[in-house]
Amino acid sequence: MAKKRVAVILSGCGVYDGSEVHESSAVMVHLSRAGAEVQLYAPNVNQMHVVDHKTGQPTEEVRNVLVESSRIARGNIKDLTELIINDTDALIIPGGFGVAKNLSSWAVEGKNCTVEASVESAIKKFHATKKPIGLCCISPVLAAKLIPGCELTVGYDTECEKWPYAKTAHTLKELGCEHVNKHVNEVHIDKRNKLVTTSAFMCNAPIHEVFDGIGEMVKEVLKLA
């Protein structure tokens, strides 16, 4: 059986201004274990800002999303504009604040955000060709913005210590999406739109539980591919 070809879009390197490193690594490990052929991509744009991950404060630096993502990719990464839909079977986008800051303007504008042009083009092409899309953590907001009426999960919709970002679920509902409450080790599958979502670090959970949930997402995406 031919290997499934999966595109993974990164948004930088580091949870506060790029891709969440543990989530990105988990995606790569599970895809590798499943024997998938993977190509990493990122938009060739500057980050919204750069955050000192020790202090949590913005700095005056200017960094490029593609260059920073190459840290996670060990240099093997392409400009997202080079993605060819006919050469790819599925798309996965890990979370991290880079999704909300670099792949979109969600961090600043919420439901009124725009999505970066190459990211919007990629998601719309995968959806139009009925190829599966896996989204974890905050990245389901991209589908909420671009695929009206889709079904998603970002975990639970009641805020508490375990679910500190639960208000995101309410914003997704305001965009006309159906939010489905799921535990961190679970996924929701929107069969009509071929979307697979899981909460990852939207949940204040141990890293192995996040890893397992991402594994379920990868497994279901590959089943749909």
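**Figure 1. R74, an exposed residue with a positive phi.** In this predicted model, R74 has a relative accessibility of 78% and therefore counts as exposed, the cut-off being over 50%. The residue sits in the loop that runs between α2 (65–72) and β5 (77–79). Its phi is positive, at about 55°, although R74 is not a glycine. Most residues other than glycine have a negative phi.

**Figure 2. K194, a partly exposed loop residue with a positive phi.** K194 belongs to the loop between β10 (188–190) and β11 (195–198). Phi here is near 55°, a positive value in a residue that is not glycine. The relative accessible area of K194 is 24%, so the residue is classed as partly exposed.

**Figure 3. The aromatic pair of Y16 and F97.** The model contains 2 aromatic pairs. In one of them, Y16 and F97 have ring centres 6.4 Å apart and planes at 35° to each other, an arrangement that counts as tilted. Why does this pair tie together parts that are apart in sequence? Y16 lies in the loop between β1 (5–9) and α1 (21–33), whereas F97 lies in helix α3 (residues 97–101), so the pair links parts that are 81 residues apart in sequence. Both rings belong to partly exposed residues: the relative accessible area is 36% for Y16 and 34% for F97.

**Figure 4. Surroundings of F97 in helix α3.** Apart from residues within four places in sequence, F97 is in contact with V15, Y16, D17 and G18. M28 is 69 residues from F97 in sequence, and the two C-alpha atoms are 19 Å apart in space.

**Figure 5. The largest pocket.** This pocket holds about 260 Å³ of space. Its lining is made up of 14 residues, and those closest to the centre of the pocket are F97, C137, Y165, F201 and M202. Helices α3 and α4 (106–109) each contribute at least two residues to the lining. F97, shown in the two preceding views, is therefore both a member of the tilted pair with Y16, which joins parts 81 residues apart in sequence, and one of the residues closest to the pocket centre.

**Figure 6. The largest nonpolar core.** The core has 66 residues. Which of them have the most contacts inside it? They are L31, I92, I93, I123, I214 and M217. Helix α8 (residues 207–224) gives the largest share of the core, 6 residues. For I214, the contacts beyond four places in sequence are with E23, A26, V27, H30, C136, T198 and A200.

**Figure 7. Cysteines C113 and C203, neither of them in a disulfide.** A disulfide is a covalent bond between the sulfur atoms of two cysteines. How many disulfides does the structure hold? The count is 0. For C113, the closest cysteine sulfur is that of C177, and at 11 Å it is too far for a bond, the cut-off being 2.5 Å. For C203, the closest cysteine sulfur is in C160, at 8.1 Å, which is again too far for a bond. Both residues are buried: C113 has 5% relative accessibility, and C203 has a relative accessible area of 1%.

**Figure 8. A166, a buried loop residue.** A166 is located in the loop between β8 (151–152) and α7 (167–174). Is A166 buried or exposed? Its relative accessible area is 3%, so it is buried, the cut-off being under 20%. Residues up to four places away in sequence aside, A166 touches Y156, D157, T158 and E159. V154 is 12 residues from A166 along the chain, and their C-alpha atoms are separated by 7.7 Å.

**Figure 9. L175, in the loop between α7 and β9 (178–179).** L175 is partly exposed, with 23% relative accessible area. The residues it touches, not counting those up to four places away in sequence, are W106, K111, A144 and K145. P148 is 27 residues from L175 along the chain, with 7.6 Å between the C-alpha atoms of the two.

Note on methods. Residues are numbered from 1 along each chain as its sequence is written. This is a predicted model: local features need pLDDT of at least 70, side-chain atom pairs count only at pLDDT 80 or more; totals for chains, interfaces and linings use all residues. Side-chain values use heavy atoms; hydrogens and water are left out. Rings of Phe, Tyr and Trp (its six-membered ring) pair if their centres lie within 6.5 Å; planes under 30 degrees apart count as stacked, over 60 as edge-to-face and the rest as tilted. Helices (H or I, at least four residues) and strands (E, at least two) are DSSP runs, numbered from the N terminus. Buried means under 20% relative accessible area, exposed over 50%, partly exposed in between (1.4 Å probe, protein chains only). A nonpolar core is a set of buried Ala, Val, Leu, Ile, Met, Phe, Trp, Tyr and Cys residues joined through side-chain atoms within 4.5 Å. Contact means heavy atoms within 4.5 Å. On a 1 Å grid over the protein atoms alone, a cavity is a set of points where a 1.4 Å probe fits but cannot get out, and a pocket is an open set with protein on both sides within 12 Å along at least five of seven lines; lining residues have an atom within 4 Å of a point. Grid points are joined across faces, edges and corners, and a volume is the space filled by probe spheres set on the points.
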